[in-house]
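Subject: Structure handover

Hello,

Here is the structure for you to look at. Please open it first, then read my notes alongside it.

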Protein chains: 2
Amino acid sequence: MSWRKEERRAERGYHHGNLKEALLQAALGLIAEKGAAGFTFADAARMAGVSAAAPYRHFRDRDELLSSIAQRGFEQFEARLTAAWDDGRPDTVTAFERVGRAYLAFAREEPAFYNAMFESGLPIDANPALQAASERAFNVIRAAAERLAALAPPGAPRPPAMMMALHIWSMAHGVASLFSRGDAARRKLPMSPDELLEAEVLIYLRGLGFPTDRSSSAKSAEPPPVPPEASSGSGVPPGGTPGGPWGKPK
Amino acid sequence: MSWRKEERRAERGYHHGNLKEALLQAALGLIAEKGAAGFTFADAARMAGVSAAAPYRHFRDRDELLSSIAQRGFEQFEARLTAAWDDGRPDTVTAFERVGRAYLAFAREEPAFYNAMFESGLPIDANPALQAASERAFNVIRAAAERLAALAPPGAPRPPAMMMALHIWSMAHGVASLFSRGDAARRKLPMSPDELLEAEVLIYLRGLGFPTDRSSSAKSAEPPPVPPEASSGSGVPPGGTPGGPWGKPK
DNA sequence: CAGCTCATGTGAACGACTTTTACATGAGCC
DNA sequence: GGCTCATGTAAAAGTCGTTCACATGAGCTG
């Protein structure tokens with residue numbers, strides 16, 4: 001009937017038991033609340049109920065805590081993008097769009113992670129592990145772009161997948177940074193950030209010669225695994241809105 | 001033969017004479033060097049040769065100095081975008097491209113301003129003057145988009161200028177944030193940020209139905225078929241490179 | 001169980017920063 | 001010449017990041 005280690009330690013004697021994790025969680029909350037710049041090492045310690053010196057047993061300094069959070073962020077980011085991509089189902093363009101929305105959703109729903117990853121000003125390429133994690137996340141977009149490029153329409157030249165990936169990334173990051181968070185999010189837009197990005201990507205893909213209408217999707221030589229009956233999934237409809245990527249052309 | 005005020009004061013007696021300006025300049029240098037997060041009020045004071053309390057005669061607090069810099073940044077930004085736009089000369093698309101490059105050039109050449117404006121985490125919409133300045137800068141892009149939308153090709157529906165402007169802004173900001181500065185700028189790209197953005201915008205415009213080739217400028221409303229000859233061009237020719245917005249279609 | 005050891009936490013201390021307060025200086029005006 | 005007010009200084013309080021010597025106690029070893 002003896003308690004297991006974690007449970008006993010959680011009752012906080014002299015030794016905290018989970019301090020590292022507790023600090024990470026506390027920091028996550030603080031960053032979400034006040035930004036990575038305003039986040040304070042001492043505050044995290046206080047929130048975990050330990051002295052200001054305790055965190056140094058688990059992190060070399062404040063920056064290492066921040067890096068740890070960014071690292072986790074990139075891992076979760078990668079996971080979400082991978083899930084959204086779902087190996088290109090039901091069709092490549094739809095899945096691609098879903099990745100874009102997942103990007104925005106992550107920026108919106110995980111402001112602390114996003115902040116640590118992209119807005120904290122910490123030198124990503126100084127930390128190999130961090131850089132690798134960010135690389136893995138980007139590779140999801142890259143792989144998706146690869147698949148998209150592979151089914152380039154017959155008439156058009158095949159665009160370099162790497163370039164497409166960088167373009168899509170910059171669009172998603174730009175929209176997320178400018179409109180989907182904190183400051184400028186209040187800027188009154190004619191459409192939601194999700195719609196804005198979706199339209200942007202669709203127009204871009206059309207510019208590359210991809211058919212972006214579900215109706216005209218399965219023409220030439222690519223795998224259309226799914227009949228055109230659109231799943232009425234929740235959230236944003238998977239295709240472009242009827243009438244082109246933007247609402248009312250008139 | 002008496003010296004004029006400024007000159008006498010510049011010799012620094014008890015009163016500095018230009019402290020406000022000196023602090024702004026010092027801060028600009030410090031931010032360019034160590035980022036807005038690392039910039040320190042005390043350091044700026046030291047650099048100006050005054051005590052740590054002196055700056056409080058000119059700025060309510062550290063944030064107000066930062067806001068002042070961001071404000072100036074937006075003003076210079078607007079000026080540069082306006083100059084780049086040059087009222088749409090010699091033709092709308094060319095001028096539009098130039099605005100994009102001006103955006104990146106500003107981010108690259110004025111890292112301190114750009115940092116204060118977009119990466120310092122200060123609440124832009126909390127300061128009406130700042131918000132207005134940022135609005136004015138954006139309006140340059142908006143006006144350019146308006147002109148572009150006005151000459152929409154006959155076949156295609158006319159895209160909302162506001163949406164176009166937001167799209168272009170997000171592209172420029174995304175490329176600048178991700179690839180054109182500090183951290184991830186080291187990420188090895190297949191092309192320069194300038195080329196990346198140019199291709200992105202050109203593909204986007206083509207997606208809207210705009211002719212993006214100078215040669216076939218006033219034709220019809222479809223993506224022009226591309227001859228397979230690829231230019232291995234260096235530099236960034238102002239139009240789309242012949243052979244499409246990217247280098248080697250192959 | 002005694003005792004050892006090492007990971008983990010504490011408290012005190014240092015220097016730097018932000019901001020406030022009381023005081024000093026001197027430029028411009030009568 | 002003297003007044004006054006903008007602009008500077010020094011000192012102090014409070015916070016942070018960080019280090020160091022020391023305390024605690026969990027888990028092993030016998």
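Below is what was found in it, topic by topic.

One caution before the rest: this is a predicted model.

**How the two copies relate**

Start with the symmetry. A turn of 180° with a shift of 0.0 Å along the axis lays chain B on chain A, at an RMSD of 0.1 Å. The two copies are therefore related as by a two-fold rotation axis. Both copies use the same surface: 98% of the contact residues of chain B recur in chain A.

**The protein interface**

The size of an interface is often given as the accessible area lost when the parts come together. Between chain B and chain A, about 3700 Å² is buried. Carbon and sulfur atoms give 69% of that area. Chain B puts 43 residues into the contact, and chain A puts in 42.

Which elements of chain B give two or more residues to the side that touches chain A? They are helix 7 (128–150), helix 8 (161–179) and helix 9 (193–207). Helix 8 of chain B has the largest share of that side, with 13 residues. By class, the side of chain B that touches chain A has 27 nonpolar, 8 polar and 8 charged residues.

How many salt bridges are there between chain B and chain A? The count is 0. Polar contacts do occur: 8 residue pairs across the interface of chain B and chain A, both residues at pLDDT 80 or more.

**DNA strand C**

Now the DNA. DNA strand C has 25 residues around it. The closest are S51(A), R57(A), H58(A), A42(B) and R46(B). Of the strand C atoms that come within 4 Å of the protein, 61% belong to sugar and phosphate.

Three contacts to phosphate oxygens of this strand are worth opening in your viewer:

- H58(A) places a polar side-chain atom 2.6 Å from a phosphate oxygen of DNA strand C.
- F41(B) has a polar backbone atom 3.0 Å from a phosphate oxygen of DNA strand C.
- R62(B) has a polar backbone atom 3.3 Å from a phosphate oxygen of DNA strand C.

In chain B, helix 1 (5–9) and helix 3 (41–48) each supply at least two residues of the surface near DNA strand C. Helix 3 of chain B gives the largest share, 3 residues. The surface near DNA strand C splits into 11 nonpolar, 7 polar and 7 charged residues.

**DNA strand D**

DNA strand D also has 25 residues around it. Here A42(A), Y56(A), S51(B), R57(B) and H58(B) come nearest. Sugar and phosphate make up 59% of the strand D atoms that come within 4 Å of the protein.

The phosphate contacts for this strand include:

- A42(A), with a polar backbone atom 2.8 Å from a phosphate oxygen of DNA strand D.
- R62(A), with a polar backbone atom 3.2 Å from a phosphate oxygen of DNA strand D.
- H16(B), with a backbone N or O atom 3.0 Å from a phosphate oxygen of DNA strand D.

Helix 1 (5–9) and helix 3 (41–48) of chain A each supply at least two residues of the surface near DNA strand D. Helix 3 of chain A gives the most, 3 residues. The classes are 11 nonpolar, 7 polar and 7 charged.

**Salt bridges**

Side chains of opposite charge can pair when their charged atoms come close. Over all chains, the structure holds 18 salt bridges. One of them joins D194(A) and R108(A), at 2.7 Å from N to O. The pair links distant parts of the chain, 86 residues apart. D194(A) sits in helix 10 (residues 193–207) of chain A, and R108(A) in helix 5 (residues 92–109) of chain A.

**Backbone points to check**

Where does P90(A) lie? It is in the loop between helix 4 (62–85) and helix 5 of chain A. The peptide bond from R89(A) to P90(A) is cis, with omega near -5°. D87(A) is in the loop between helix 4 and helix 5 of chain A. Its phi is near 55°, a positive value in a residue other than glycine.

In chain B, the peptide bond from R89(B) to P90(B) is cis, with omega near -5°. P90(B) lies in the loop between helix 4 (62–85) and helix 5 (92–109) of chain B.

Best regards

Terms used:
Residues numbered from 1 in each chain as written. Chains lettered and ligands numbered in written order. Predicted model: local features only at pLDDT ≥ 70, side-chain atom pairs only at ≥ 80, totals over all residues. Heavy atoms only, no water. Near = heavy atom within 4 Å. Polar contact = N/O pair within 3.5 Å; in protein donor to acceptor, adjacent residues only side chain to side chain. Helix = DSSP H or I, 4+ residues; strand = E, 2+ residues; numbered from the N terminus. Nonpolar A, V, L, I, M, F, W, Y, C, P; charged D, E, K, R; others polar. Contact = heavy atoms within 4.5 Å. Buried area = accessible area lost by both parts, 1.4 Å probe. Salt bridge = Lys/Arg side-chain N within 4 Å of Asp/Glu carboxyl O. Least-squares fit on C-alpha atoms with pLDDT ≥ 70 in both.
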